[in-house]
Amino acid sequence: MELSQNKTILIGITGGIAAYKIYELIRMYKKNGFNVKVLATPNAMHFISELTLVTLSGNGIYKDNFEINEYKPEHISLCDEGDILVIAPATANTISKIANGICDNLLTSTCCAFIKPVIIAPAMNTNMWKNPVIQDNIKKLNNNGYKILPPESGYLACGTEGNGRLCGIETIYNATVETLNLSKKLKGKKIVITAGGTVEKIDPVRYISNFSSGKMGTALADAAHLMGGNVRLISTFDINRPYEVTQVQSALEMEKEIVKHIHNSDCIIMAAAVGDYRIENYSEQKLKKTNEDALTLKFVKNPDILKKISQTKNDKVKIAGFCAESENLIENARQKIINKGCDYLIANDISRKDIGFSSDDNEVYILDKSLNIKHLEKNTKQHIAREILEYIFE
Ligand code: C5P
């Protein structure tokens, strides 16, 4: 199997009873030619045997032994060696620590420093899983690019029936292979993605903007990074990512930043909600309230960045735009792709409360230049992002 050659899987085992199931997972990875290194939390070692893990993985076990390993701190050397980190079973404790950047053992420290894909397979008592704090932490991890394999329903070791059982070992194995495969799809591709809503300043304290949360653009950048792409995110939000992020405010700043990269990219995806207008005369001083009942501000048109770059780009660059519509979605999208001249237009219906602006989910239609339409059914923005990239780079 070509994929497994030279690939190292780091398995993080935490202190839940489902830890015993990981013996089988290690066997499956090894049988298929992967190199496996096990990191165990101190609590995990109550449930599993070091000798069994060493025998199955063919490697030593990485625990909190604070031994000096050559010249590198161990969590950093493991980050260099591993191609993927799979945490299974992941307890509520470890999930919450990772979600909050806590690094109090070798596994949580490694996870914090790891910039390659991380898969998390939670397992716990039903009430712990349903606890809103744990659900918030899961959501946070999901939004930050960690892949969560949700637990299943069934008989639990605590004697109850319900949701919380570790998902199947085959599910974890398949997700690992799929993620590793994915990380080769955009290798060598330079991808520029915009996210967020532009901010058009009126005076030093006031501005006009829009409700864009930046979630779709950020999900696209995260997915492109996981798929091995060389990503540059141009965002109106200040976020930290393991790839290049440039923060901009206005449409003009966004345009300037995009233009720098247009001839040196394979793909530009404009997911940002760019303000169509900006104030004509920015006031250096705060505008004073007057005795008049009304205030008139004059706005001028911003450049249509998508249209401009679609007209000036070379054939090698694929350009995709977004179109948020509250009515006649497909018809408006057809008109828009013709008018803008981009290669793809991704249309979503913002009249629906369950998808689009600020939501964690989306449902979109991708139009291409020949006006073919591909429907992507409602799913998380992370999932939709991956499907969009797969379609564009098919
Ligand atoms: O024309 P409309 O604003 O609906 O088009 C949306 C698409 O065009 C998005 O991809 C958005 O990023 C882009 N856009 C742009 N410059 C503008 C307005 C929108 O590039 N001034």
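A residue counts as buried under 20% relative accessible area, as exposed over 50%, and as partly exposed in between. The legends below use these words for a predicted model.

**Figure 1. The whole protein, before the close-ups, has 13 helices and 20 strands.** Taken along the principal axes, the C-alpha atoms fill a box of roughly 75 × 50 × 45 Å. Of the 394 residues, 49% are buried. The protein exposes about 19500 Å², and carbon and sulfur atoms supply 48% of that area. Among contacts with a separation of 6 or more, 67% are between residues 24 or more positions apart.

**Figure 2. K139 and D360 join two parts of the chain through a salt bridge.** The N to O distance between the two side chains is 3.5 Å. K139 lies in helix 7 (residues 132-143), while D360 lies in the loop between strand 18 (344-349) and strand 19, so the pair ties together parts that are 221 residues apart in sequence. Is D360 buried or exposed, or does it fall in between? With a relative accessibility of 22%, D360 counts as partly exposed, because the range for that class begins where buried ends, at 20%. K139 is partly exposed as well, at 45%.

**Figure 3. E50 and K63 form a salt bridge between a helix and a loop.** The closest N and O atoms of the pair are 2.7 Å apart. E50 belongs to helix 2 and K63 to the loop between strand 3 and helix 3, so this salt bridge ties together parts that are 13 residues apart in sequence. E50 is partly exposed, with a relative accessible area of 35%. K63 is also partly exposed, with a value of 25%.

**Figure 4. E331 and R334 meet in a salt bridge within helix 12.** Their side chains come to 3.2 Å, N to O. The two residues are 3 residues apart in the helix, so about one helical turn separates them. E331 is partly exposed at 37% relative accessibility, and R334 is partly exposed at 30%.

**Figure 5. R352, D354, E363 and K378 are linked in a network of salt bridges.** How many salt bridges are there in total? The count comes to 22, where a side-chain nitrogen of Lys or Arg has to be within 4 Å of a carboxyl oxygen of Asp or Glu.

**Figure 6. Helix 4 (residues 92-99) packs with helix 5 (residues 106-113).** Two packed helices are described by the angle between their axes and by the distance between the axes. For helix 4 and helix 5 the angle is about 40° and the axes are 10 Å apart. The crossing is right-handed. Which residues make the contact? From helix 4 they are T94, K97 and I98, and from helix 5 they are L107, T108 and C111.

**Figure 7. Helix 3 (residues 74-81) has buried residues that pack against several other elements.** E74, S77, L78 and C79 are buried in this helix. The buried residues of helix 3 pack against strand 1 (8-13), strand 2, strand 3 (61-62) and helix 5.

**Figure 8. I17, Y20 and F47 form a nonpolar patch on the surface.** Together these three residues have about 300 Å² of accessible area. F47 sits in the loop between strand 2 (35-40) and helix 2 (50-57). With a relative accessible area of 36%, F47 is partly exposed.

**Figure 9. A cis peptide bond joins A88 and P89.** Omega of this bond is about -10°. P89 has its place in strand 4 (residues 84-90).

**Figure 10. N328 and L371 have positive phi values, although neither is a glycine.** Phi of N328 is near 45°. N328 lies in the loop between strand 17 (318-325) and helix 12 (329-340). The relative accessible area of N328 is 54%, so N328 is exposed. For L371, phi is about 65°. L371 lies in the loop between strand 19 (361-368) and strand 20 (373-380). At 29% relative accessibility, L371 is partly exposed.

Notes. Residues numbered from 1 in each chain as written. Predicted model: local features only at pLDDT ≥ 70, side-chain atom pairs only at ≥ 80, totals over all residues. Heavy atoms only, no water. Patch = residues over 30% accessible without salt bridge, like charges linked within 9 Å, V, L, I, M, F, W, Y side chains within 5 Å. Areas by Shrake-Rupley, 256 points an atom, 1.4 Å probe, with all protein chains shown as cover. Helix = DSSP H or I, 4+ residues; strand = E, 2+ residues; numbered from the N terminus. Buried < 20%, exposed > 50% of the residue type's maximum accessible area, 1.4 Å probe, protein only. Axes fitted to C-alpha atoms, helices over the stretch in contact; angles between N-to-C directions. Left-handed = near helix turned anticlockwise from the far one by under 90°. Contact = heavy atoms within 4.5 Å.
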